[in-house]
Amino acid sequence: MKLFRLLLTLALLMPQAVAAQTSVLRPVKLLELAEGDGVVERQFFGRVRARDTVELAFQVGGQIVEFPVAEGAPVAAGALISQLDPVPFRRELRRAEVNLAKAERDLARLRELSGSSVSDVQIRDAETERDLAEIAREEARDALEDATLRTSFDALVARREVANQTTVAAGEPVVRLHDMSELRVDIDVPEVLFRQADDAGIAFRASFPGSTESYDLVLREFEAETADITQTFTITLAFTEDVPGWVLPGATATVTARLEAQEDAIVLPEGALVFDADGAPGVMVFTPSEADPDRGTVARMPVEIDVRDDAQIVQRDGPAPGTLIVSPGASQLRDGQEVRRFTGLGN
């Protein structure tokens with residue numbers, strides 16, 4: 001008797017449970033297919049650098065007595081960078097001038113005595129001594145000029161390598177300068193985009209962290225070999241317009257490469273694709289019910305796809321623009337399943 005009552009209770013409750021299950025539909029996010037403008041964009045990490053960066057050094061050795069430049073300060077072309085103590089160099093120049101004067105007097109005296117007690121060999125030897133004295137004077141004059149270090153371009157002082165009053169050797173760097181006549185940006189790009197970098201249809205713009213402004217760039221040069229690991233080329237871009245003063249060599253930039261030469265196409269999110277047993281791609285098309293446009297069924301429709309250079313998936317053949325498809329999570333649905341539109345959490 002008790003068993004009979006239990007079975008009867010289960011029989012009465014089962015239709016209610018089934019009805020409750022059928023009334024709960026899976027929520028899905030829907031995407032309306034639309035043709036894009038065919039623009040391919042890629043972003044790259046870039047680092048700002050000067051047109052050139054050089055380390056200046058004296059061609060002679062000595063003690064620095066003038067070092068007026070400050071790190072981070074701009075200097076105009078021709079400005080004094082550093083100077084060695086000129087006293088030893090002036091002394092050497094004076095010694096060379098004295099030796100030259102003596103050599104000229106000796107040569108003149110021997111020429112007056114030529115033909116008597118002075119041979120032609122002695123006169124030629126005196127001429128050689130005079131020539132060597134002239135060379136010594138030129139070297140001493142050049143050394144005095146080299147004791148003063150000036151820049152030949154508008155520059156930014158990156159770093160002072162030594163302190164004032166330091167004794168330096170010839171060729172030892174004393175200051176590092178940036179040529180600020182043109183700011184540039186280096187980026188690493190994959191081989192596919194590198195082949196298109198000089199194409200008229202590709203444009204580059206740079207932006208900086210914390211700023212909403214962007215600036216045009218043009219291609220200047222590139223390294224004619226790839227990186228060992230990443231198989232990328234380093235290309236150098238230059239700003240075509242003025243940038244803020246706080247943009248200095250070493251600053252980071254986001255470079256956007258925009259390729260206009262692509263045809264209009266429908267871009268499909270990766271989560272919208274479903275694949276059959278043979279690996280053929282498709283999408284889940286949503287058909288709303290007549291009673292409620294937020295409820296309906298989904299049906300698998302095959303598509304033909306391509307993968308563009310920027311890794312975006314484009315539809316070559318399939319549903320027309322304006323069709324509603326499921327994205328993401330389409331692979332979790334079955335053909336003909338009833339679903340409802342996702343409108344927000346708790347709905």
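**From strand β3 to an aromatic cluster**

In this predicted model, Leu 56 is a residue of strand β3, which spans residues 40-57. The side of the chain that surrounds Leu 56 can be read from its contacts: leaving aside neighbours within four places in sequence, Leu 56 is in contact with Ile 81, Leu 149, Arg 150, Glu 172, Pro 173, Val 174, Val 175 and Leu 177. Leu 56 has a relative accessibility of 17% and therefore counts as buried, the limit being under 20%. A further relation appears in the backbone, where the C-alpha atoms of Leu 56 and Arg 176 lie 6.3 Å apart in space although 120 residues separate the two in sequence.

Strand β10, which covers residues 173-190, also holds His 178. With a relative accessibility of 12%, His 178 counts as buried, and, when residues up to four places away in sequence are not counted, His 178 touches Ala 50, Asp 52 and Thr 53, together with Phe 153, Asp 154, Ala 155, Leu 156, Ala 158 and Pro 249.

The next element to consider is an open sheet of four strands, arranged in the order β7-β6-β4-β9 with antiparallel pairing. Its edges are formed by β7 (148-150) and β9 (167-168), each of which pairs on one side only. Starting from the β7 edge, strand β6 (residues 80-84) pairs with β7 in the antiparallel sense over three bridges, and in this part of the sheet Gln 83 stands opposite Thr 148 in β7. Moving on to the next pairing, β6 and β4 run antiparallel and are joined by two bridges; here Glu 66 stands opposite Gln 83 in β6. Gln 83 thus has Thr 148 of β7 opposite it and also Glu 66 opposite it. At the other end of the order, two bridges join strand β4 (residues 62-66) to β9, again with the strands running antiparallel, and Gly 62 stands opposite Val 168 in β9.

A contact of another kind involves Phe 67 and Arg 160: the charged end of Arg 160 sits over the ring of Phe 67, at 4.0 Å from the ring centre.

Aromatic rings also meet one another, and a search of the whole structure finds three aromatic pairs. One of them joins Phe 208 and Tyr 215, whose ring centres are 6.0 Å apart and whose planes make an angle of 50°, a tilted arrangement. Both partners are removed from the surface by the accessibility criterion, since Phe 208 counts as buried at 4% relative accessibility and Tyr 215 counts as buried at 10%. Phe 208 also pairs with Phe 239: the centres of these rings are 6.1 Å apart and the planes lie at 25°, so this pair is stacked, the planes being under 30 degrees apart. This stacked pair links distant parts of the chain, because Phe 208 belongs to the loop between β11 (202-207) and β12 (214-222), whereas Phe 239 belongs to strand β13 (residues 232-239), 31 residues apart. Phe 239 is likewise buried, its relative accessible area being 8%.

Taken together, ring pairs link Phe 208, Tyr 215, Phe 239 and Trp 246 into a cluster, within which Phe 208 takes part in both the tilted pair with Tyr 215 and the stacked pair with Phe 239.

Definitions and conventions. Residues numbered from 1 in each chain as written. Predicted model: local features only at pLDDT ≥ 70, side-chain atom pairs only at ≥ 80, totals over all residues. Heavy atoms only, no water. Phe/Tyr/Trp six-rings, centres within 6.5 Å; stacked < 30°, edge-to-face > 60°. Buried < 20%, exposed > 50% of the residue type's maximum accessible area, 1.4 Å probe, protein only. Lys NZ or Arg CZ within 6 Å of the ring centre and 35° of its normal. Contact = heavy atoms within 4.5 Å. Pairing = 2+ DSSP bridges.
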